[in-house]
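Biologist: I would like to go through this structure with you, one question at a time. Please show it before we start.

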Amino acid sequence: MRTKQMTKRRPEQVNGYEHLTGAEALLRCLIEDGVDTIFGYPGGAIMPIYDMLLDYTDKLKHILTRHEQGAAHAAQAYAMVTGKPGICFATSGPGATNLVTGIANAYLDSIPMVFITAQVASGLIGTDAFQETDILGVSMPVTKWNCQIKKSHDIPEVIAKAFYIATTGRPGPVLIDITKDSQLDKIDFKYKKCKYLRSYNPHIPLDTRAIESAAIMINHAEKPLILAGHGVLLSGAENELKEFAEKAGIPVAVTLLGLSSFPSGHRLFTGFLGMHGNYGPNLLTNEADLIIAIGMRFDDRVTGNLKKYAKQARIIHIEIDEAEINKNVQVDLEIHNDAKDAIKYLIPLIHLKKHDSWIREFRICDRTEYEKVIKSETIPEKGAIRMGEVVSLVSEMTNGDAIIVTDVGQNQMSAARYFKFKYPNSLVTSGGMGTMGFGLPASIGAKIGRPEKQVVAFLGDGGFQMTIQELGTILHFKIPVKLIILNNGYLGMVRQWQDMFFSKRYASTELINPDFATVAKGFNIPAKKVSKREDLKKSLTDLLAAKGPYLLDIQIEKEGNVLPMVEPGASVSEVTLNYKS
């Protein structure tokens with residue numbers, strides 16, 4: 001039996017080239033492109049690649065998750081916190097199809113990823129062979145590019161293209177499907193990084209005329225508002241955004257994935273936009289005379305009813321993907337450029353200005369929201385523990401210096417609302433896809449990517465159970481993540497909608513849960529159940545101080561709703577602060 005301690009095989013030398021199998025050539029390509037961590041799950045068709053991994057344990061760390069979907073989410077989180085492309089392996093058939101949710105998640109959130117799937121031998125393609133699936137056809141709508149390799153000599157060129165496409169322009173996932181025979185056949189290895197592809201031009205010349213026009217509009221605006229999205233983080237434009245906002249004196253609102261692109265404690269920060277976002281930026285979007293949208297796509301959760309959205313405002317849209325401009329909202333000035341490049345050119349053209357009376361309107365909204373929503377949610381006088389209370393305490397106890405990972409639903413919205421983000425790329429969450437089950441494996445990828453940071457995951461009891469098997473990955477690799485289950489015994493967000501719009505008819509949303517602390521202990525993870533407010537702070541202190549992984553199962557208010565809320569079909573200015581069933 002082979003072990004990791006076995007002597008590495010030396011590649012053959014032919015005509016001055018290393019003569020490698022396709023499997024080894026693939027690994028060498030990954031190393032050449034700076035890869036050091038891979039998430040995946042082996043199987044029959046990808047076995048040659050996994051066999052060669054044993055010879056590269058000094059350069060490539062492989063994280064064996066307990067499900068391919070877990071590998072995809074972990075790799076995405078790794079990419080989000082490091083800025084490097086996430087790498088994920090899976091075998092053919094069900095191994096490949098189990099990745100699809102994770103691929104779609106990365107696609108909608110513009111995360112650079114390279115998925116490597118194996119395929120049956122090229123001679124068997126189209127015969128319905130064992131574990132054969134057309135993963136190219138399945139994944140085509142949710143990949144930036146995909147390709148199948150049937151000849152081993154194509155591996156270096158295709159892998160180089162994959163990295164170039166995934167990481168340039170608007171980032172996104174690519175998928176490479178490699179037949180088993182091409183993994184075994186040998187080639188004379190030579191690798192050259194890709195820097196150009198005909199018909200693909202991610203490097204767009206700066207539209208200086210449009211930016212100069214934008215400067216004129218900004219300098220004359222009385223009530224300007226910046227809407228910052230995920231594109232700010234993807235382009236590394238956080239410092240430029242802050243300098244621009246401070247010079248122009250413009251308030252800044254962020255999308256869900258734009259959180260952490262602008263410091264939450266800054267005097268110009270107004271909160272986050274969207275269905276459960278802050279009162280001020282939602283309400284006052286329809287009061288602004290100029291909106292500067294940067295790296296965001298006017299998602300329906302941000303705009304509410306499009307017929308009533310910002311009709312009084314002129315709109316400037318800075319966006320790297322031309323397909324997103326004028327897709328949902330018609331704009332007055334489009335700047336089809338990278339956010340960082342555009343803002344850097346814009347800053348010297350902007351007049352030093354203050355908009356004190358305009359900013360005061362946001363502060364008035366802040367006070368209203370605090371009195372009607374935030375106060376009772378974060379410092380309740382009685383009753384059950386509340387989600388906002390837990391998140392607010394974690395924010396205070398970490399001083400905002402942690403990477404926050406969420407699942408999807410009420411836990412996600414509460415984390416977005418009540419954690420005070422200070423540093424870029426400190427929120428890892430599923431945005432466009434809204435994938436339940438994302439949080440637990442994503443916390444693993446985040447911690448592996450940034451081992452020096454405290455990683456805290458807020459999970460719902462429903463989403464946690466969708467990928468609960470990844471506790472095995474934490475056990476295997478001793479990953480010191482901190483897991484907080486906000487347990488209300490419901491699929492909380494679905495129940496909230498049933499409460500508000502379906503006459504409290506709770507169809508299939510109440511959960512009968514296991515004892516999560518006992519389950520965690522079965523995976524050798526210290527855990528505790530918390531149901532009393534007087535135990536909460538001490539339990540959180542223990543969680544954050546633990547050297548290894550730790551889980552808290554916090555029993556929270558069963559039928560609490562996350563407010564404010566822009567109800568479906570409503571205008572953002574019709575945001576609801578109070579709701580009683």
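Biologist: Is Lys-223 buried, partly exposed or exposed?

Modeller: This is a predicted model, and burial is judged here from relative accessible area. Buried means under 20% and exposed means over 50%. The relative accessible area of Lys-223 is 26%, so Lys-223 is partly exposed.

Biologist: Which residue forms a salt bridge with Lys-223, the closest N and O atoms being 3.2 Å apart?

Modeller: A salt bridge needs a side-chain nitrogen of Lys or Arg within 4 Å of a carboxyl oxygen of Asp or Glu. For Lys-223 the closest N and O atoms of the pair are 3.2 Å apart, and the partner is Glu-361.

Biologist: How many residues apart in sequence are the parts that Glu-361 and Lys-223 tie together?

Modeller: Glu-361 and Lys-223 are salt-bridge partners. Glu-361 lies in helix 15, while Lys-223 lies in the loop between helix 9 and strand 10, so the pair ties together parts whose separation in sequence is 138 residues.

Biologist: How many salt bridges does the count come to?

Modeller: The pair of Glu-361 and Lys-223 is a salt bridge, and so is the pair of Glu-324 and Lys-327, with 2.9 Å from N to O. The rule for such a pair is a distance within 4 Å. By this rule the count of salt bridges is 22.

Biologist: Of Glu-324 and Lys-327, which is buried?

Modeller: The side chains of these two residues meet in a salt bridge. Lys-327 has 46% relative accessibility and counts as partly exposed. A relative accessible area under 20% means buried. The residue with 7% is buried, and that is Glu-324.

Biologist: Where does Glu-557 lie, the residue that Arg-386 meets in a salt bridge?

Modeller: The N to O distance between Arg-386 and Glu-557 is 3.5 Å. Arg-386 lies in the loop between helix 15 and helix 16, so its pairing with Glu-557 ties together parts that are 171 residues apart in sequence. The place of Glu-557 is the segment after strand 21.

Biologist: Which residues do salt bridges that share partners join into one network with Arg-170?

Modeller: Glu-324 and Lys-327 form a salt bridge with each other. Through shared partners, salt bridges join Arg-170 into one network with Asp-321, Glu-324 and Lys-327.

Biologist: What separates the C-alpha atoms of Gly-388 and Asp-321?

Modeller: Gly-388 is in helix 16, and at 0% relative accessibility Gly-388 counts as buried. Along the chain, Gly-388 and Asp-321 are 67 residues apart, and the separation of their C-alpha atoms is 35 Å.

Biologist: How many residues of helix 18 are buried?

Modeller: Helix 18 spans residues 439-449 and is mostly covered. Its buried residues include Leu-440, Ile-444 and Lys-447. The number buried is 11 of its 11 residues.

Biologist: Which residues make the nonpolar surface patch of about 230 Å²?

Modeller: A patch is made of residues with over 30% relative accessible area. Met-433 lies in the loop between strand 17 and helix 18, and at 35% relative accessibility Met-433 counts as partly exposed. The patch is made by Met-433, Tyr-107 and Leu-108.

Biologist: Which residues gather in a patch of positive charge on the surface?

Modeller: One of them, Lys-192, is found in the loop between strand 9 and helix 9. Lys-192 is exposed, with a relative accessible area of 71%. The residues in the patch are Lys-190, Lys-192, Lys-193 and Lys-195.

Biologist: Which backbone nitrogen does the side chain of Thr-21 reach?

Modeller: Thr-21 lies in strand 2 and counts as buried at 17% relative accessibility. At 3.2 Å, its side chain reaches the backbone nitrogen of Glu-24.

Biologist: What is the phi of Asn-326?

Modeller: Most residues other than glycine have a negative phi. Asn-326 lies in the loop between strand 14 and strand 15. Asn-326 is not a glycine, yet its phi is positive, at about 65°.

Biologist: What is omega for the cis peptide bond that joins Leu-563 and Pro-564?

Modeller: Most peptide bonds are trans. Pro-564 is found in the segment after strand 21. The bond joining Leu-563 and Pro-564 is cis, with omega about 0°.

Key: Residues are numbered from 1 along each chain as its sequence is written. This is a predicted model: local features need pLDDT of at least 70, side-chain atom pairs count only at pLDDT 80 or more; totals for chains, interfaces and linings use all residues. Side-chain values use heavy atoms; hydrogens and water are left out. Patches are made of residues with over 30% relative accessible area and no salt bridge: like charges are joined within 9 Å, nonpolar side chains (Val, Leu, Ile, Met, Phe, Trp, Tyr) within 5 Å. Accessible areas come from the Shrake-Rupley method with a 1.4 Å probe; for residues, only the protein chains shown count as cover. Lys and Arg count as positive and Asp and Glu as negative; His and the chain ends are not counted. The place of a charge is taken as NZ of Lys, CZ of Arg, CG of Asp or CD of Glu. Helices (H or I, at least four residues) and strands (E, at least two) are DSSP runs, numbered from the N terminus. Buried means under 20% relative accessible area, exposed over 50%, partly exposed in between (1.4 Å probe, protein chains only). A polar contact is a pair of N or O atoms within 3.5 Å; within protein, one must be able to donate a hydrogen and the other to accept it, and residues adjacent in sequence count only if both atoms are side-chain atoms.
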